[in-house]
Amino acid sequence: TAGARVQAFERAFAEKVGAREAVAVNSCTAALHLALVRYGLVAGDEVITSPITWPSTANTIVNMGAKVVLADVLPGTLNIDPAAVEKAVTERTKVIMPVHLAGLPCAMDAIEAIAKRHGVHVLEDAAHAFGARYNGAPVGSRGNHACFSFYPIKNITTIDGGMIALDNEEDARVLRILANNGLDAIAWDRYGRSAVAGPPQAVLPGYKYRMHDVAAAMGLE
């Protein structure tokens, strides 16, 4: 299941998008969910996002008991309009989730400035944006949690799968635990060639969101 090829794929992906860390999971939907869990999203919170996207973007928010707040898009790009985002912010806003539609990056400088002013998180739905660049830098390199998809129609595929690119090592550690049913060790830690870990401990209420080695091997190729 989750072994050496997953770890190699994470390292290669992080290097490619200019991120310090990358966490491989079994779908981009899982990636979005885990990022929102890490942000502490709870019922009653609000997430601002685009009305032009795949249902996963909104489903993840709704299924956590939070509220989807739709901000209108720019007619030239169909990406979320920063001015509409600014108007949509309330005291309940927890996250701004721009969607890089068809891989075209949103106006991230303006969106991040809004988030900084209001003290909220930015979660990039980068499902289609692997390989895209914004102001000369790869999508995934800005330090936000950026979630990518490896579904068959995407730029690269693992048949299904996802990745969270980020710059915080502690966040990456916790996200891996959350994706591993809340266990602090995977099978590779216990049975791999250099295994040193003892029995795993359940340290968080997690989910079964891990990517497996067969998918990661395809992703590496």
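The side chain of Ser50 places a polar atom 3.0 Å from the backbone nitrogen of Ile52. This is a predicted model. Ser50 sits in the loop that runs between strand E2 (46–49) and H3. Is Ser50 buried or exposed? Its relative accessible area is 3%, under the 20% cut-off, so Ser50 counts as buried. Leaving out residues up to four places away in sequence, Ser50 touches Leu70, Ala71, Val73, Ile80, Met97 and Val99.

## A threonine in strand E4

Thr93 belongs to strand E4, which covers residues 93–97. Thr93 has a relative accessible area of 7%, and because buried means under 20%, Thr93 is buried. Which backbone atom does the side chain of Thr93 reach? The side chain reaches the backbone nitrogen of Thr90, at 2.9 Å.

Thr93 also meets residues from elsewhere in the sequence. Beyond its neighbours within four places, Thr93 is in contact with Glu46, Ile48, Ala88 and Val120. Take Val120 from that list. Thr93 and Val120 stand 27 residues apart in sequence, and their C-alpha atoms are 7.0 Å apart in space.

## The nonpolar cores

The largest nonpolar core has 28 residues. Val25, Leu34, Leu36, Leu123 and Ile164 touch the most other members. Several elements each supply at least two residues of this core: strand E1 (21–25), H2, E4, strand E9 (162–166) and H6. Which of them gives the largest share? H2 does, with 8 residues.

Leu123 shows what such a member meets. Not counting residues up to four places away in sequence, Leu123 touches Leu32, Ala35, Leu36 and Tyr39. Leu123 also touches Val95, Ile96, Met97 and Pro98, and further along His145 and Cys147.

Apart from the largest core lies another core, of 21 residues. Its members include Val17, Phe130, Ala165 and Ala216.

## Pockets and a cavity

Rolling a probe the size of a water molecule over the atoms shows where empty space is left. How many cavities of 30 Å³ or more does a search of the whole structure find? The search finds 1. The table sets the largest cavity beside two pockets.

| Space | Volume | Lining by class |
|---|---|---|
| Largest pocket | about 430 Å³ | 9 nonpolar, 9 polar, 3 charged residues |
| Second largest pocket | about 260 Å³ | 9 nonpolar, 3 polar, 6 charged residues |
| Largest cavity | about 30 Å³ | 5 nonpolar, 2 polar, 2 charged residues |

Start with the largest pocket, which holds about 430 Å³ of space. It is lined by 21 residues. Which of the 21 lie nearest its centre? They are Trp54, Ser56, Ala127, Ser149 and Lys154. Helix H2 (28–39) and helix H3 (55–63) are the elements that give two or more residues to this lining. H2 gives the most, with 3 residues. H2 also gives the largest share of the largest nonpolar core.

The second largest pocket has a volume of about 260 Å³. Its lining has 18 residues, and the closest to the centre are Ala2, Glu10, Arg176, Asn180 and Ile186. Here the elements that give two or more residues are helix H1 (4–17) and helix H6 (169–179). H6 gives the most to this lining, with 4 residues. H6 is also one of the elements that each supply at least two residues of the largest nonpolar core.

The largest cavity has its own lining. His100, Met108, Glu124, Tyr134 and Ala137 are among the lining residues. Pro138, Val139, Ser141 and Arg142 line the cavity too.

## Two loop residues with positive phi

Ala102 has a phi near 55°, a positive value in a residue other than glycine. Ala102 is found in the loop between E4 and helix H5 (108–118). Its relative accessibility is 67%, and because exposed means over 50%, Ala102 counts as exposed.

Asn181 is not a glycine either, and its phi is positive, at about 60°. Where is Asn181 found? Asn181 is in the loop between H6 and helix H7 (187–191). With a relative accessible area of 38%, Asn181 is partly exposed.

Note on methods:
Residues numbered from 1 in each chain as written. Predicted model: local features only at pLDDT ≥ 70, side-chain atom pairs only at ≥ 80, totals over all residues. Heavy atoms only, no water. Buried < 20%, exposed > 50% of the residue type's maximum accessible area, 1.4 Å probe, protein only. Contact = heavy atoms within 4.5 Å. Polar contact = N/O pair within 3.5 Å; in protein donor to acceptor, adjacent residues only side chain to side chain. 1 Å grid on protein atoms, 1.4 Å probe; cavity = no way out; pocket = protein on both sides within 12 Å on 5 of 7 lines; lining within 4 Å. Points joined across faces, edges and corners; volume = space filled by probe spheres on them. Nonpolar A, V, L, I, M, F, W, Y, C, P; charged D, E, K, R; others polar. Core = buried A, V, L, I, M, F, W, Y, C linked by side-chain atoms within 4.5 Å.
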